[in-house]
Structure formats: C-alpha cells, structure tokens
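I opened this notebook to record what I looked up in the structure, going from one chain as a whole down to single contacts.

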Amino acid sequence: MLKGFGRFRCVVRGTGKALGVVLAMGVVVSVAAVPATAQEAATELTFTRDVAPILQQNCQTCHREGSFAPMPLTTYDEVRPFTPLIRDRVETRAMPPWPMDHTIGIQEFKNDISLSDEEIATILGWIDSGAPMGDPDDMPPPVEWAAFEDDWQYEEHFGRPPDIVIVSPSYMVPANELDHWPNLETSVPGLTGDRWIRGVELRPADPDTRYVFHHANPSIIDELGSVGVGHSAAGTVGYIFPDDTGQALRPGARVRFGMHLFPIDRDVNAVLQLGFWLYPEGEEPEFVTPGEVIHEASQSTGFGLESLSRTGYGPARGTGGGRGGVSTDPQFPRQVDLLIPPHSTATFRGVYVLDRPARIHSVRGHMHLRGRYQVIEAVYPDGRWEVISKLNWHHGWQTAFLYEDHVMPLLPKGTVLMVTNHFDNTADNPHNPDPNQWVVRGDRTVDEMSHTRIGITYFDSEEDFERLVREREELLARIVSEPVQAGG
Amino acid sequence: MVRLPGRTGLGPVAAALWFCLLAFSPVEAQNRLPSASGDWMLRNLRPSGQPVIPLFDGWYYNPDGTFELCFGFHNLNTAQNVEIPLGPDNFIEPARFDGLQPTHFDEVPSEYRRRFCVFTIHLDDLEEAPAIVWTLRVGGQTYSVPGSSSVHYRMDELEQSSRGNSAPLVRFDGLEEREHRGRMMVLDDWTVSATVGVPVSLEYTVTDPNAIPLGVTRVVWGKHQGPGPVEFGPEDDRVETESVSFSHATTATFRDPGEYLLRLQTVDWDLGNAYGFHCCWTNRYVRVSVDEAQ
C-alpha cells in the first residue's frame with residue numbers, strides 16, 4: 001500500500017461504485033455492487049470507530065500537522081468544528097481532491113484517492129446524526145508518518161527508495177512578486193549505459209516550499225532531443241509505467257525543470273527532487289514510451305499534416321506529440337487562436353488519428369481558471385465510440401490519473417482520439433476572475449491553455465498489439481466468470 | 001449500467017469532420033458576436049470579413065504607484081487590414097480616456113496572431129479600471145472590453161527576473177536625446193515632417209538597459225492612427241545580436257496627407273514567448289505630419 005495515497009488496487013475496486021472494466025477496444029462490462037444503506041447504520045456511527053479510520057486513510061496525508069492542507073483532521077476536537085465544511089466537501093466529492101468524473105469513463109486508477117460511496121455515506125451519516133465521538137477505546141492508534149525527507153510515496157509500490165534522485169538547482173523565489181517561470185538544468189549523474197525508467201516521483205525538497213510550486217515540468221534532454229518526464233503540481237505525485245514499459249534515460253542526459261512558481265509572503269529557496277525508479281541494469285523493457293504526449297484541444301493533427309510535424313505527433317513523434325503538425329495554411333486553427341467571448345462558454349475539440357496502435361497509461365489535463373472539464377474520447381476504426389475519461393478540471397489540482405493496467409485503453413491503428421475542452425467564462429464559474437473579459441491563450445492563469453497530456457505507448461508491431469488485446473480479452477473472461485468482491 | 005453507446009454509426013471520418021468545432025453560448029448580450037451563436041467556431045480566422053476583437057491584456061504598477069492598463073487586439077482576418085476611425089465605431093468610455101487607441105488594425109500576424117499592448121491608459125486609482133471600456137463596431141456588431149482590476153491581470157513591467165527578460169531602451173536618432181523604456185504610451189513633443197509619396201527615414205537605436213548582449217529582439221512597426229495607408233520599408237522583424245545595442249533605419253511612405261501616429265514595438269525575444277508571459281518590451285510612437293506633394 002502507498003502511504004496515504006494508498007490502495008493500489010490489484011484488480012477492480014468495489015464498495016458501492018459500479019464497476020467498469022474497460023477492455024480491449026472499448027468493451028465495457030459493468031458489475032453493480034450493492035451500496036451500503038447509510039440510514040440503517042447512521043444511528044450507530046461514531047467518530048472513533050467509523051470515521052477516524054477513514055480520515056486516517058484518506059485525509060491525513062494532507063490534513064495533519066506538518067503537511068500542507070489548511071487544518072489537521074487527526075483528533076475529534078480538530079474535526080468537530082469543521083463538520084459542516086467536511087460535509088459539503090465530501091458530499092460534492094471536492095475532497096479528497098480527485099477531479100475525475102466518477103459517472104462516466106474508466107474508473108480504475110492506480111492512484112485513486114477518492115472516497116467510495118460507502119465511505120461517503122459513513123461520513124455524511126455520522127455528521128447528520130450529530131457527529132458523536134463514541135467510545136475512546138475504539139479510536140485507532142495515530143498513524144506514524146515518515147519524516148518528510150524519507151517519504152517517497154511510491155517507495156512502497158517499488159519496494160525501495162528511488163534508484164536515482166536528481167535535485168534541481170536552488171531558485172530563490174522573492175517574497176510577494178509576480179509568478180516566476182525559471183528554466184533550470186542539471187545533469188543526471190552516474191549513467192554508464194542506457195537505462196529505462198519504471199516510475200518517477202517529484203517532490204519539493206522542503207515541505208515549506210510546497211506552496212510555491214504551481215507546477216514543474218521536468219524534461220530529459222539528450223542527443224535525441226527533449227522529452228517530458230514526470231510532472232509536479234498540486235495533486236500529482238508522479239508516474240508508474242506499465243510493467244512492460246519504460247522511458248529511456250541515456251548517458252549524458254540532463255534534466256531541465258520548467259517551473260511555474262508562486263511567490264509567497266517571504267523569500268524561499270525552491271528546490272525539487274526528482275526520483276527515478278529504473279529497470280535493473282542491462283534489462284530493457286519490452287516497450288518504450290515517450291511519456292506524456294500533448295494533445296491540444298484547440299488544434300488538430302492527423303489530416304495528412306504529419307510530415308510537417310516538428311514536435312512529434314507524426315513520424316518523429318515523442319517529444320510533445322499533439323502539438324506538432326501546424327499547417328502552413330494561415331487559417332488552420334492553432335492553439336494561439338483560442339478566443340472565448342465574455343459571459344460565454346466555449347468548447348474546443350482537437351482530433352488526432354493514430355497512425356499506429358497505442359496504449360494509454362495516464363491522462364493529465366491542463367487548463368487555467370476558466371477551464372471546466374476535459375473529455376477524452378476514442379472513435380475506433382469499426383465506428384464504435386467510447387468516452388475514455390472526463391476530467392472535472394480544478395485549477396488547484398493538476399492530477400495525473402494513472403489507469404490500472406487492466407483498463408488501459410488499447411487503441412488500434414486508425415483510432416480517432418478526440419480531446420474536448422469546455423470553458424466557462426461566465427459569472428457561474430467561481431474561479432473566474434473577470435467574466436467581462438475576452439479570454440485568449442497565454443501562460444498566465446488569466447489566459448487559457450487547452451491541452452491534455454496523454455501518457456502513451458505506440459506499438460510498431462501489430463502482433464505485439466494483438467497479443468496485448470488477446471491477453472486483455474482473456475483477463476476479461478476471467479473477471480466475468482469470477483464475480484468481483486466488493487472492498488477490493 | 002452500460003457505458004458504451006454501442007454502434008453509433010459515427011465513423012472516424014465523420015468524427016474528424018467536427019474537428020475544432022467551437023460551440024458557444026452567450027449568456028449576456030453585452031458583447032455581441034460576429035454571427036449567431038452556433039456559428040462561432042475556433043476557425044474564426046478568415047481571409048476577410050471577420051471582426052477585430054479589442055482585448056485587455058492586463059495592468060501594471062508604475063514606479064510612482066500609479067497604474068497603466070494595457071490593451072491589444074485580435075484581427076480575425078488573415079488578409080485584411082481594418083480601418084476603424086475614432087468616433088461611434090471606435091471609442092473609449094469615459095470620454096476623457098478616448099482618442100489614443102489604434103484606428104488601424106493590421107491583419108493577423110502569422111506567428112503570434114494577436115497584437116499585444118498596443119496602447120496604455122494611465123490611472124491613479126486601479127479601481128477605475130472596470131469602468132473603462134473600449135468598444136469597436138465592425139459589420140454592425142459591437143465588441144467591447146473593459147479594463148480589470150483583478151490581481152490576476154497584473155503584469156510584470158520592465159523586467160521579468162525569472163526569465164531574464166527586460167524592456168529595451170529605444171531612442172529615435174536625430175529626434176531626441178533621451179531614451180524610453182517600457183510599454184507606457186508616451187507621446188513626444190516632436191513631429192516628423194513628410195511628403196506624400198516620398199519615403200521618410202526613421203532611425204532608431206535599441207539598447208539593453210543592463211548593458212548585456214541584446215540577443216534576439218523582435219521589431220514590429222505599425223500604423224497606429226492616420227487617414228491613409230502607410231508602407232514601411234523592408235526591415236528584419238527579428239534582430240539577433242551579441243552586442244548591447246543596434247541601430248536600424250526603416251522608411252515609411254504615405255499615400256495621403258494628414259496627421260499620422262506610427263507605432264514601434266521592440267520586444268525582448270530572448271527566450272521567445274515574451275508575449276505569452278506579457279513581458280517585456282518597449283512601445284514607441286512617432287507623430288508624422290504629411291503634406292501634399294508639391
């Protein structure tokens with residue numbers, strides 16, 4: 001189990017959620033689990049026995065002394081005054097932060113930190129029945145949290161701390177200035193031959209500087225160019241690639257940290273640590289991933305423009321995919337043409353035709369303050385159409401969603417991948433700083449961006465892909481014949 | 001629960017045809033749009049016949065604690081310059097701020113699509129910003145934008161330390177002694193005289209304020225106001241140099257007599273994307289008085 005972000009579910013998650021298993025080419029099988037009836041249990045719900053364990057497991061990574069959420073939620077006295085707020089955030093699924101729509105698309109993730117329907121019912125039922133403390137003897141012992149400096153969240157998954165830790169150059173963020181966007185570079189020490197990354201985790205070196213990182217996009221730079229690796233932002237820990245897949249790390253590689261920093265009320269030195277878990281020396285994974293490939297919603301490729309692609313969706317893909325293929329036609333829509341009228345909503349869709357089979361292992365959205373949601377859909381070559389995921393955008397939580405291995409979409413060659421982004425520039429959007437403005441594209445948070453980073457592996461061999469499809473079908477057959485137990 | 005719609009009959013080709021559709025739903029009619037709601041597409045750039053959208057870029061502090069509001073525009077035409085004279089089709093409210101906005105809107109630039117901070121409005125009190133509204137009427141439709149006092153719209157000015165960008169010093173040679181820096185709209189008290197049809201030379205020197213190599217500077221000339229077309233002489237719009245300053249000359253040729261205001265923007269383009277981060281550059285304006293040919 002992962003500390004706090006725990007619950008790496010091996011099979012399928014149960015407890016009150018409808019279970020969807022998305023299989024090869026979009027076959028979805030649903031197994032409805034039985035929701036716990038909150039009402040019948042409500043009278044007996046107590047803090048010490050029923051609620052404290054949920055808070056320990058789902059809230060305290062962030063809501064405890066020394067972590068970064070506003071108030072600790074460890075004892076009854078700490079929790080009691082916040083019950084009205086907790087009720088609201090839990091009922092609306094705003095907390096724990098997991099801005100993935102739970103009503104549509106794939107629901108099985110390696111890093112899901114959301115509450116189950118049953119857990120939500122327990123918390124709401126407890127609050128609605130007066131939030132009693134209960135028997136102090138029922139209180140579970142407090143969680144012993146690892147010291148910040150020893151705490152790599154993926155350590156338990158990989159069974160060891162990262163194999164290589166890279167520290168960004170220190171950058172002084174002066175108090176109360178406007179945002180800073182430095183690009184800092186450092187080398188990767190100790191690489192003698194090609195190595196392959198299995199997982200990446202990024203964290204601030206000092207917990208006090210957590211607030212200053214809006215995001216940091218590290219990339220690996222080697223003689224082949226620059227590719228994104230991992231990501232750090234509120235809500236994102238890192239990446240774990242599928243067991244058969246790795247990202248290249250070559251001797252001489254450097255890491256560039258493209259940061260967006262928010263100054264706070266005092267000068268701070270911002271330093272990031274980037275931990276890599278690697279395949280053993282000499283071991284090459286079966287498949288190589290370019291990592292995350294950017295798919296712009298306000299720009300499309302895949303219409304015979306691949307040869308113009310400079311950044312990689314076409315034949316030279318790899319370094320930032322969907323952004324490539326800008327047409328020389330001055331009227332061809334580009335990301336910089338994004339324009340949202342005042343007091344309006346707007347929807348953009350980018351369309352990408354896969355020129356070879358692929359597997360998606362993660363998605364991460366990116367919009368700014370007017371962003372509402374992003375939908376990733378696939379239209380398969382046989383005409384079937386599937387919603388892969390719908391991200392309910394929240395600027396504060398730029399979560400990377402890591403699909404469980406058995407639900408990673410397998411997309412045949414010719415699949416049309418569509419990324420649809422919806423913006424709300426009306427007063428109804430609580431994050432909108434000024435609905436009277438025309439909104440354009442830009443790096444500031446008042447300007448918009450409109451892309452999804454899709455963690456993807458392309459398959460050069462149709463046979464490899466067909467084998468993966470077959471394996472998935474066999475797994476599906478097994479899951480259907482052995483009903484899933486709730487509580488996974 | 002079944003999540004797959006099954007066969008939709010929508011093949012990839014049909015889906016592809018929807019590419020980049022931008023649906024939009026107006027909630028308020030204050031800013032009406034070029035066409036009826038369903039027609040508003042991301043592909044709003046056309047060779048001609050499209051409107052010019054006035055944009056508020058943001059605000060910044062002056063060293064004395066006063067404020068500058070920056071406005072730019074997005075001409076949605078790829079092959080049509082648009083003229084909108086001051087008056088009922090191009091005005092700023094309250095009226096005391098009216099008069100220095102552009103009346104000439106160059107076609108969309110191929111690379112960056114918009115024109116950033118082409119003029120500024122000076123305020124002592126930022127709270128006034130939302131009441132300042134620039135309106136353009138094009139093709140019978142009205143497009144307005146107010147200023148904003150939101151802290152989110154604050155911009156860096158002169159320097160952006162994290163990216164190392166800084167607004168260059170710019171001097172018009174032979175016309176002034178002192179150099180100017182930054183985006184604030186300053187109208188100098190000198191005027192250049194010209195004659196219809198005769199190119200007039202405009203010489204200027206761009207210097208790095210920190211006396212370090214300039215690197216890449218983007219140079220953008222444009223007509224800001226004036227009765228007739230202006231043709232600028234050939235000039236590199238991207239100057240790369242290892243020295244701390246460079247001097248250039250361009251020419252401007254006028255077809256019609258009258259009073260003109262030309263605009264020169266020199267952008268520190270060292271890291272590219274100074275526009276995306278809204279810093280740093282210098283706006284200069286040249287008044288030209290053009291006489292009939294003898």
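The entries below follow the order in which I looked things up.

**Entry 1, chain A as a whole.** I note before anything else that this is a predicted model. I looked up the secondary structure and found 7 helices and 27 strands in chain A. I then turned to burial, where 61% of the 488 residues in chain A count as buried, and to the surface, where the accessible area of chain A comes to about 18,100 Å², with 52% of that area belonging to carbon and sulfur atoms. For the contacts in chain A with a separation of 6 or more, I found that 81% are between residues 24 or more positions apart.

**Entry 2, the nonpolar cores.** Which residues touch the most other members of the largest nonpolar core? I found A:L249 and A:F276 in that role, within a core of 37 residues. Strand 15 of chain A, residues 272–278, gives the most to this core, namely 5 residues. Apart from it I found another core, of 36 residues, which includes A:W438 as well as B:V52, B:W134 and B:V138.

I went back to A:L249 and listed what it touches, leaving out residues up to four places away in sequence: among its contacts are A:I164, A:V188, A:L191, A:I197 and A:I220, together with A:F276 and A:L278. The list for A:L249 also holds A:G193, A:D194 and A:R195.

**Entry 3, helix 2 of chain A.** I looked up helix 2, residues 47–58 of chain A, and found it mostly covered, with 9 of its 12 residues buried. The buried residues of this helix include A:F47, A:V51, A:I54 and A:L55, and also A:D50, A:Q56 and A:N58. Against what do the buried residues of helix 2 of chain A pack? I found helix 3 (76–79) and helix 5 (117–128) of chain A as their partners.

**Entry 4, the two domains of chain B.** Chain B is divided into domain 1, which takes in 2–31 and 47–153, and domain 2, which covers 159–291. I found 23 residues of domain 1 in contact with 21 residues of domain 2, and an area of about 1,800 Å² buried between these two domains of chain B, of which carbon and sulfur atoms give 53%. On the domain 1 side, B:L100, B:Y112 and B:F116 supply 30% of the area buried against domain 2, more than any other three residues.

I also looked for salt bridges across this interface between domain 1 and domain 2 of chain B, and the rule finds 1. As a separate lookup, I recorded that the side chains of B:E83 and B:K223 meet in a salt bridge, at 3.3 Å from N to O.

Notes:
Residues numbered from 1 in each chain as written. Chains lettered and ligands numbered in written order. Predicted model: local features only at pLDDT ≥ 70, side-chain atom pairs only at ≥ 80, totals over all residues. Heavy atoms only, no water. Helix = DSSP H or I, 4+ residues; strand = E, 2+ residues; numbered from the N terminus. Buried < 20%, exposed > 50% of the residue type's maximum accessible area, 1.4 Å probe, protein only. Contact = heavy atoms within 4.5 Å. Areas by Shrake-Rupley, 256 points an atom, 1.4 Å probe, with all protein chains shown as cover. Core = buried A, V, L, I, M, F, W, Y, C linked by side-chain atoms within 4.5 Å. Domains from an automatic or database assignment. Buried area = accessible area lost by both parts, 1.4 Å probe. Salt bridge = Lys/Arg side-chain N within 4 Å of Asp/Glu carboxyl O.
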